[in-house]
Amino acid sequence: MKKRRFSLGKRTTLIVFLFALILGGLTILLSMRLYTNATQNLHREIGQNFAMLVRLQLDGDAVEAYAKPGAVIDERYNEIITDLREAEKLNDMVTYIFVFVPTAEGQRYIFDSDDSADRFPLGYMDPWYDEFKSSVSRFMAGESVDPMVSNESFGWLLTCYEPLKNSSGAVVAYVGVDLSMNTIMLDRENYLILLTLLILLVTIGFSVFASLHVRASIVMPIDRMAQAADSFLVEQDSGSATPNFNSLADLDIRTNDEISDLSVSLHAMMEKINNYIGWLDVANKRAEIDALTGLLNHEAFTEKASALLAETSSRHNMNAFLMIDLDDFKNVNTQFGHVAGDRCLRDCAAMLKDHVRSGDIAGRLGGDEMAVLLYGVSSKETVGRKAAEIIAAAEKLGSAEGAVPFALSVGIALSPADGTDLTTLYQRADEALYRVKNTGKHAFHFYDDL
């Protein structure tokens, strides 16, 4: 074997040192980007969800009336402005809520929650800024628009948009929510300074340690393996012979058969990767959220509710399983159409989210059937009040102006009195619901009262 002027050990040591320095710089940039993306994505999600909630509270038909040229401010208009200002107070990050109609010239304002002298009045035309140019066509087409980050005179803003539809399903306006990003930008600068100092120190220490360690534990064994490989090639009939990996792994190369260990490790790693990819495929197919209502789907609800019941079984907590069904839902679809029926389901789901606690579990089991698992309730009377509250809230939604009338019936099973597992509670709540359906509907009934 020829003696090398610049050996593998020296080259590897130099490469590791340079790689560590480059990696440190890239880590700073990548960490900064990940941190920024993570915080911005979080605020985008918060802003988008908040805009969606505001949109759900607005009556698209009423807004459409004010979107028409010549619309005037009346008592209803002022009530909507007041509601928007109250909604603005629910989140400290929200600075303004506004509703506008996109036009070719710009945004024609309908509502603006700003209570200062700078508030845009009804019908005010705000020209499109440069950052909106790429999204104008989407606004005009009534499509979803991605949140936008802008730097205003008073700081950084994240603006999220939600299309607002009328009862016919047509987009009549957009709901916009401005969130302050100033805190994020300040935190990012402080994070970058600390991260840079830390990574520089770690990089220098790692470079020294890695260079010494790589030479002792990798370069020298590889050199011995190279000698064994050279000996193997010499034994081949042809000088151009290519060594077989499995045969080479069987050679005694005086390194405790490390190449064989490497092949076994690679094989094991590929098996784990394949298993992990298979798990990801299964996980992707088991998306937890029901696309129409935003509640947990049947499988996810079953999994989470069963886990919660199993967790609380030893604590002797009282839980309540509520089976909820829309009364005469087939008639709603027949009389008003499936679009109206879907809207009823969405409205009902949104109402359920507003009337359950963060520790409770709500899901759509299929069709017009929904369920709620109330965790750790204090008494049967408390559950009854909650069921009555849900039924009343649904009645209010169904009797609102322009709404499709609908009502709910609720069957209730208590844990552990009526059962400790989800299957039993489901069956008994269903029996209680059946009793409600046969005795006038639009009410609730406990299984233990049958």
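Colleague: Which elements each supply at least two residues of the lining of the largest pocket?

Modeller: Empty space is found by rolling a probe the size of a water molecule over the atoms. A pocket is sought on a 1 Å grid over the protein atoms alone, as an open set of points where a 1.4 Å probe fits, with protein on both sides within 12 Å along at least five of seven lines; lining residues have an atom within 4 Å of a point. In this structure, α1, α2 (60-67), β5 (155-165), α10 (338-355) and α11 (380-399) each supply at least two lining residues of the largest pocket. The largest share of that lining, 10 residues, comes from α10.

Colleague: What kind of model is this, and how are its values counted?

Modeller: This is a predicted model, in which local features need pLDDT of at least 70 and side-chain atom pairs count only at pLDDT 80 or more, while totals for chains, interfaces and linings use all residues. Residues are numbered from 1 along each chain as its sequence is written, and side-chain values use heavy atoms, with hydrogens and water left out.

Colleague: What volume does the largest pocket have, and which residues lie nearest its centre?

Modeller: A volume is the space filled by probe spheres set on the grid points, which are joined across faces, edges and corners. The largest pocket comes to about 1,500 Å³. Its lining has 41 residues, and R55, L56, Q57, L58 and D347 lie nearest the centre.

Colleague: How many helices and strands does the protein chain have?

Modeller: Both are DSSP runs numbered from the N terminus: helices are H or I with at least four residues, strands are E with at least two. The protein chain has 12 helices and 11 strands. As for contacts (heavy atoms within 4.5 Å), among those with a separation of 6 or more, 63% are between residues 24 or more positions apart.

Colleague: What share of the residues counts as buried?

Modeller: Buried means under 20% relative accessible area, exposed over 50%, and partly exposed in between, with a 1.4 Å probe and protein chains only. Of the 450 residues of the protein chain, 39% are buried. Accessible areas come from the Shrake-Rupley method with a 1.4 Å probe, and for residues only the protein chains shown count as cover. The accessible surface of the protein chain is about 25,900 Å², with 56% belonging to carbon and sulfur atoms.

Colleague: Which residues make the nonpolar surface patch?

Modeller: Patch residues have over 30% relative accessible area and no salt bridge; nonpolar side chains (Val, Leu, Ile, Met, Phe, Trp, Tyr) are joined within 5 Å, like charges within 9 Å. Here L14, L18, L21, I22, L26 and L29 make a patch of about 580 Å². One of them, L21, lies in helix α1 (residues 8-57) and is partly exposed, at 41% relative accessibility.

Colleague: How many salt bridges does the structure hold?

Modeller: Side chains of opposite charge can pair when their charged atoms come close. The cut-off is a side-chain nitrogen of Lys or Arg within 4 Å of a carboxyl oxygen of Asp or Glu. There are 13 salt bridges in the structure. In one of them, D290 pairs with R364, with the closest N and O atoms 3.3 Å apart. D290 is in the loop between α7 (258-285) and α8 (298-312), R364 in strand β8 (residues 361-366), 74 residues away. D290 is buried, at 14% relative accessible area, and R364 is buried at 16%.

Colleague: Which parts does the salt bridge of K437 and D325 tie together?

Modeller: The closest N and O atoms of K437 and D325 are 2.7 Å apart. K437 lies in helix α12 (residues 422-438) and D325 in strand β7 (residues 319-326), so the pair ties together parts 112 residues apart in sequence. D325 is buried, at 12% relative accessible area. A network of salt bridges links D325, D327 and K437.

Colleague: Where do unusual backbone values turn up, such as a cis peptide bond or a positive phi?

Modeller: Most residues other than glycine have a negative phi, and most peptide bonds are trans. S415 and P416 are joined by a cis peptide bond, with omega about 10°; P416 lies in the loop between β10 (408-415) and α12. D328 has a positive phi near 50° and lies in the loop between β7 and α9 (329-336). K441 has a positive phi of about 65° and lies in the loop between α12 and β11.
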